[in-house]
Amino acid sequence: MQLITRDPSAPPTTLGYALFATRWLQAPLYFGLVAAQGVYVYKFFNELWTLILRCVTGQANETYVMLAVLKLVDVVMIANLLIMVIVGGYETFVSRIGLQGHRDQPEWLSHVNSNVLKVKLATAIVGISSVHLLQMFVDVHHTARHSLLWGTVIHMAFIVSAAILAYMSGPMAAHAERAGRHRDHEHRAVEPPAPARPAVPIPSQAGAPAVETGAEERIRDAGFPARKLLEEYDAEHPRVFDREAVARLGKLDFVGARGNVVFVGPPGTGKTHLAVGLGVRACEAGHRVLFDTAAGWAARLAGAQAAGRLAEELAELDDCPVLIVDEVGYVPFDADTSRLFFHLVAHRYERGSLIVTGDRPLERWDEVFGGPAVPAMVDRLAHHAEIVRLDGDSYRMRRATSAWTGRGC
């Protein structure tokens, strides 16, 4: 197991903790913005109702209608700006509360990009400034000349700043990516070559013993056919086996990223062992896991659909960050069952992790599943998936053959 050591040159973390703890000062401001959304909803409908009343009673002229519509547009654009600020607040404040994986969390919150968000904020400010400037020119007879002048200058300043920000966001992101690749290249360059090491060992599970973390109960509830550990896997048996990928998966980063894992290979190459090993390790890390064969999942989903509670069943599965679907390909499924699997994969997409084992690659799943839902199901499963291919003779057959040979038969 690789040990993680602290850099002795790193500064003390007390000051860092104090500085970053100030994010909690943003809490009342953040929730104040959320409340402001309600104020703007009230303001929008109040302005809209006033406009309708004046139009119906004949008290509105052309200038009034134009100004009222611009005011409605202004309210909506400011509300949209508040939404983007609230999203930014999610990145700096709410994401630290520990709500990840909540069933009400929108999926797009995991894709917030700071550079894109800055550009959107800048363009939103330009749009609001445009509406204000247009209001001045529509009601030019009641607007002071210096107000028109300064309004135009401020508007142009917003446009220039937004253009500069949009121009710089791309090069800055590209520069950061190039710098990261350069650091990786330098790191690899200074590392001594190790041609004599053919295999990457699977690291042991780190952390406290399972009995102290409640993992034994989670392992029992998972429904594993047997208890298997990653480090017990015979990595020398398969002819084709990506040891680095399995070692990487053993860190369980894919669970936090809500990614998928697909083990593909002929029978007896250890796909179920690796899937169970990842599941046990996830239980030891504090995650709930459910294991079943593809036929078992099909029966479970079909039963939920027959009871009229398929949506509720899928929602309840959200409490398990990891679901394991074993033995895909050994039993063919009709179009109705394929639709049930599509609902499972689509519901879990970027919401939870799936570990799947099968005897054929994803591009051949149309040989297992019937109906038109197969391409969409495969697309969602493979989008954020680590696919590990195994090839070799059956481990069970090898042991049986060895035993038979040893008896001299």
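Is Phe-333 buried or exposed? Select Phe-333 and look: its relative accessibility is 12%, so the residue counts as buried. Keep in mind that this is a predicted model.

**Stop 1: the aromatic pairs**

Stay on Phe-333 for a moment. The structure has six aromatic pairs. One of them joins Phe-333 and Phe-341. Show both rings. Their centres are 5.3 Å apart, and the planes meet at 45 degrees. That geometry makes the pair tilted. Now check the partner. Phe-341 is buried as well, at 5% relative accessibility.

Next, add Trp-365 and Phe-369 to the selection. Together with Phe-333 and Phe-341, these residues form one aromatic cluster.

**Stop 2: a charge over a ring**

Move to Tyr-64 and display Arg-54 with it. The charged end of Arg-54 sits over the ring of Tyr-64. The distance to the ring centre is 4.7 Å.

**Stop 3: the cysteines**

Select Cys-283, then Cys-320. How many disulfides does the structure hold? The count is zero.

Why is Cys-283 not bonded to Cys-320? Draw the distance between the two sulfurs. Cys-320 carries the closest cysteine sulfur to that of Cys-283, yet the gap is 9.1 Å, so the two are too far apart for a bond. A disulfide needs the sulfur atoms within 2.5 Å. Start from Cys-320 instead, and its closest cysteine sulfur is the one in Cys-283, again at 9.1 Å.

Finish by colouring both cysteines by accessibility. Cys-283 is buried, at 0% relative accessibility. Cys-320 is buried too, with a relative accessible area of 2%.

Methods: Residues numbered from 1 in each chain as written. Predicted model: local features only at pLDDT ≥ 70, side-chain atom pairs only at ≥ 80, totals over all residues. Heavy atoms only, no water. Buried < 20%, exposed > 50% of the residue type's maximum accessible area, 1.4 Å probe, protein only. Phe/Tyr/Trp six-rings, centres within 6.5 Å; stacked < 30°, edge-to-face > 60°. Lys NZ or Arg CZ within 6 Å of the ring centre and 35° of its normal.
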